[in-house]
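Biologist: Got a minute to go through this model with me? I have a few quick questions.
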Amino acid sequence: MAGIAGSQLGAAMNERATPPLPLEVASALLVPAASYGFVRLFADSDPMLAAIGSAIAATLLAAVLRRLRVPIVLSLIVGIAALGLVLSQRFAPDTQRWGFVPTGDTLDQLGTLLTLGADEYRKVRAPIESLDSFVAGVMIAAWLMAMLTDWAAMRLRLAFEPVLPAILIFGFSAVLGAGNDRLSSTIVFGGAVVVWAVAQRWSTLRDSFVWLVNDEKRGPQTALRSAAVIGAVALGAAVLVTPRLPGSDAEEIYSFRATTAPTRSPITPYVEISQRLVQQSSVALFTVETEVPHYWRVSGLETYDGAGSVWTTSTSFTKAEGDLDPLVESNESNQVLTYTVTIDGLTTGDVGEIWAPTVYSVAKVVDSSVDLSWNRDNATLTIDGDDSTSFGRGDFYTLESVVPTFTADQLRSATTDVPDDIAATYLTLPSDLTDRILTEASAVVAGQATPYDQALALQNYFRAFDYSTELTPRTSDPIGQFLDERVGFCQQFAGTYALMARAIGLPARVAIGYTWGDKVAGQENTYQVRGKHAHAWPEVWLGEYGWVAFEPTPNRGAPGSSSYTGVEPGQDGTQPTTADPADPATTPVTAAPIDPSQIDGPDIVPTQATPTAIPTSQPWKMPRWLLGLLGLGALYIVGMPLLRRLQIEIARSRADSPEKAVDLAWRETVDELNRSLDLQRQPAETRREFATRAAQDRRLEANDLDRLSELATMVRYDPGRATPEVAQSAVATRQAIVGRVHERVPLATRWRRQLDPRRWFR
């Protein structure tokens, strides 16, 4: 028994011994099992596999550092540095020195990637495309949670707290994920929790002193079998019985996943452009057989969400068959173009691309391997079906489009009348838009008499900016930041242009699509469009000519538009190899100089139309402030118990003498009584007086508390009497008191009191 007591004191005064292998394995399974739930968030399994791999790598590193007895703080630093190396190698390998040493460019690229992910994850709903920014995010989350789990389970040897990081990951995917794989993800995670509970209970019984010497093996093994059976039955009941209980299929009280109305409101293509441009993706998306290259347009976005800094559309669609009703009339001055689009990589599984790249404006569906839907107002063509329907590799469609051609003089003579339905939608501005938009736009167009000249002046103003995909982290005012830094890529140029145009009374929207792509070698009139060709540009309503595209993005230019924009065709380092018969002009077009005294055009005083409701339900978006509060709350719930445990472990590591061990046993007991039973020792009370008062609580054993108070008082005033045997007795008494408290006070009560912030100020 002396040996047992000695080992007990050693465990109290020194760092915990290496935990048993079964406990390490059970702990290592928690975060990977929870990460399997990411399969519900994404349309493919790559992010889930990346998260699992990240968690396993972090756990292995934590185990090595633990065995080398590296302190917790230093191991955290090493772990974060290793995470940075992993992210650099995967997402920014070209920026590293000697192939593995991160540089300043590496940090900039990773920072941009994570910033984009933070901006975009609020704008989509599951299942979503596995963009690099999202993959990086789940890898970081899994890595940090795995390190935290190892810290709580292996270093602090806690029972319940190690499950919390995994619960955060599983809860995140369960709340925001789609309805698929609910059963399998629940079984995997629930099984991992059961394995951990069984292993932790077995380890506790093995290391405790509740078994007689000749029952050291039989006792824990019996408990292990019992716990495994109970855990398996509980998991089976949760998975098989619960879904069949009365009312389980009833509508939820609050739905985290908003549904769409009859109008179609899928993932806006606006959120995908930055990813494809920043990554300069070489993935082939689709090919086009056409005699004349054009911008391939997928949609026009009419609604600006100021809170999310994103343009969206939500419109009704009708089946697209045969002749359509195009916005552009077929006449002698307009081109009629027939072309075929074949899908390559423009699909991401269950919720891939629904948007059909076209030439503005589609007049006829000649042939198609899939059913298509059509919206005339936005000149948008999509695959027919619900939000989860997507194009598949090899799908194709042949269209006929009427392509408008303009000259500067024609557009300059356009009527200034704006139809009410156009003004109601395309002059709407968010109420929280800064005054700078109006002020700067008015200054840019000062002296320009016609809507066309104003639109052209705005275009030329932005073309003096710089084009770059490597941006500084976005602030709370991304538009103001863009105007200050004068650098960005097509999203910033097109979106800011449209807002400034609306501010001065020009109806505008953002068009999303692709530039014409790369000429396919050996195939005449065939263009390969890749991710790097993703593009956005503004369209302005100019009277009887309807929607007219402009190009504010430097180094970009649509074929066939230089006659009125003065911008030659341009894209990502590639020029069209086919002559453009509709683009004879080669000299830049500039806004015509106007004598202000002879202005005979629209009033330049900006007009803001009254916003009108779009007849559709929009998915609920979590405000940033609410997301921040939830994050802080989760951090507090997880961090408080671990912080308290860390304080205890630090104190135990410093209790390197019998008198310090006795004093620590007393202080831990008083702290536990305060936390669990709300019994607080008053400053004027002696140890004996506090023990007498606390013993009146029926949940305590008076003899144990009296005994511990006597030992603590004796050692306090006569340190020489603090022998190892006295210390062993104090530690054993403390364990008995705490164990009894835990038996009689529910875990929820102890947890609630522990999280009470008022305890920090006592």
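Biologist: Is Glu 24 buried or exposed?
Modeller: First, a reminder that this is a predicted model. Glu 24 counts as buried, at 9% relative accessibility.

Biologist: Which side chain does Glu 24 meet in a salt bridge?
Modeller: Arg 67. The N to O distance is 2.6 Å. Glu 24 sits in helix 2 and Arg 67 in helix 3 (residues 46-67), so the pair ties together parts 43 residues apart in sequence.

Biologist: And Arg 67, what does it count as by relative accessibility?
Modeller: Partly exposed, because its relative accessibility is 45%.

Biologist: Which residues are linked with those two in a network of salt bridges?
Modeller: Arg 66 and Asp 150 join Glu 24 and Arg 67 in that network.

Biologist: How many salt bridges in the whole structure?
Modeller: The search finds 18. One of them joins Glu 668 and Arg 734, at 3.4 Å from N to O. Glu 668 is in helix 19 (residues 658-677) and Arg 734 is in helix 22 (residues 724-744), so this pair ties together parts 66 residues apart in sequence. Both Glu 668 and Arg 734 are buried.

Biologist: What about Arg 530 and Asp 518, how do their side chains meet?
Modeller: In a salt bridge, 3.9 Å from N to O. The pair links strand 16 (residues 526-530), which holds Arg 530, to strand 15 (residues 518-519), which holds Asp 518. They are 12 residues apart. Asp 518 counts as buried at 17% relative accessibility. Arg 530 counts as partly exposed at 26%.

Biologist: What lies in the loop between strand 15 and strand 16?
Modeller: Asn 525 is there. Its phi is positive, about 60 degrees, although it is not a glycine. Asn 525 is partly exposed, with a relative accessible area of 22%.

Biologist: Which residue has a positive phi of about 50 degrees?
Modeller: Ala 379, and it is not a glycine either. Ala 379 lies in the loop between strand 9 (372-375) and strand 10 (380-383). At 3% relative accessibility, Ala 379 counts as buried.

Biologist: New topic. How many cavities of 30 Å³ or more?
Modeller: Six. The largest has a volume of about 380 Å³. It is lined by 24 residues, and the closest to its centre are Tyr 360, Ala 549, Ala 558, Pro 559 and Tyr 564.

Biologist: Which element gives the most to that lining?
Modeller: Strand 18, with three residues. The elements that give two or more are strand 17 (534-541), strand 18 (547-549) and helix 17 (562-565).

Biologist: And what is the lining of the largest cavity by class?
Modeller: It has 15 nonpolar, six polar and three charged residues.

Biologist: You mentioned Tyr 360. Is its peptide bond to Ser 361 cis or trans?
Modeller: Cis, with omega near 5 degrees. Ser 361 is in the loop between strand 7 (335-343) and strand 8 (362-368).

Biologist: Last one, the surface. Which residues make the nonpolar patch?
Modeller: Leu 21, Val 25, Leu 29 and Val 195, over about 340 Å². Helix 2 (residues 21-35) gives the most, with three residues.

Biologist: Where does Leu 29 lie?
Modeller: In helix 2. Leu 29 is partly exposed, at 40% relative accessible area. Glu 24, in that helix too, counts as buried.

Conventions
Residues numbered from 1 in each chain as written. Predicted model: local features only at pLDDT ≥ 70, side-chain atom pairs only at ≥ 80, totals over all residues. Heavy atoms only, no water. Patch = residues over 30% accessible without salt bridge, like charges linked within 9 Å, V, L, I, M, F, W, Y side chains within 5 Å. Areas by Shrake-Rupley, 256 points an atom, 1.4 Å probe, with all protein chains shown as cover. Salt bridge = Lys/Arg side-chain N within 4 Å of Asp/Glu carboxyl O. Helix = DSSP H or I, 4+ residues; strand = E, 2+ residues; numbered from the N terminus. Buried < 20%, exposed > 50% of the residue type's maximum accessible area, 1.4 Å probe, protein only. 1 Å grid on protein atoms, 1.4 Å probe; cavity = no way out; pocket = protein on both sides within 12 Å on 5 of 7 lines; lining within 4 Å. Points joined across faces, edges and corners; volume = space filled by probe spheres on them. Nonpolar A, V, L, I, M, F, W, Y, C, P; charged D, E, K, R; others polar.
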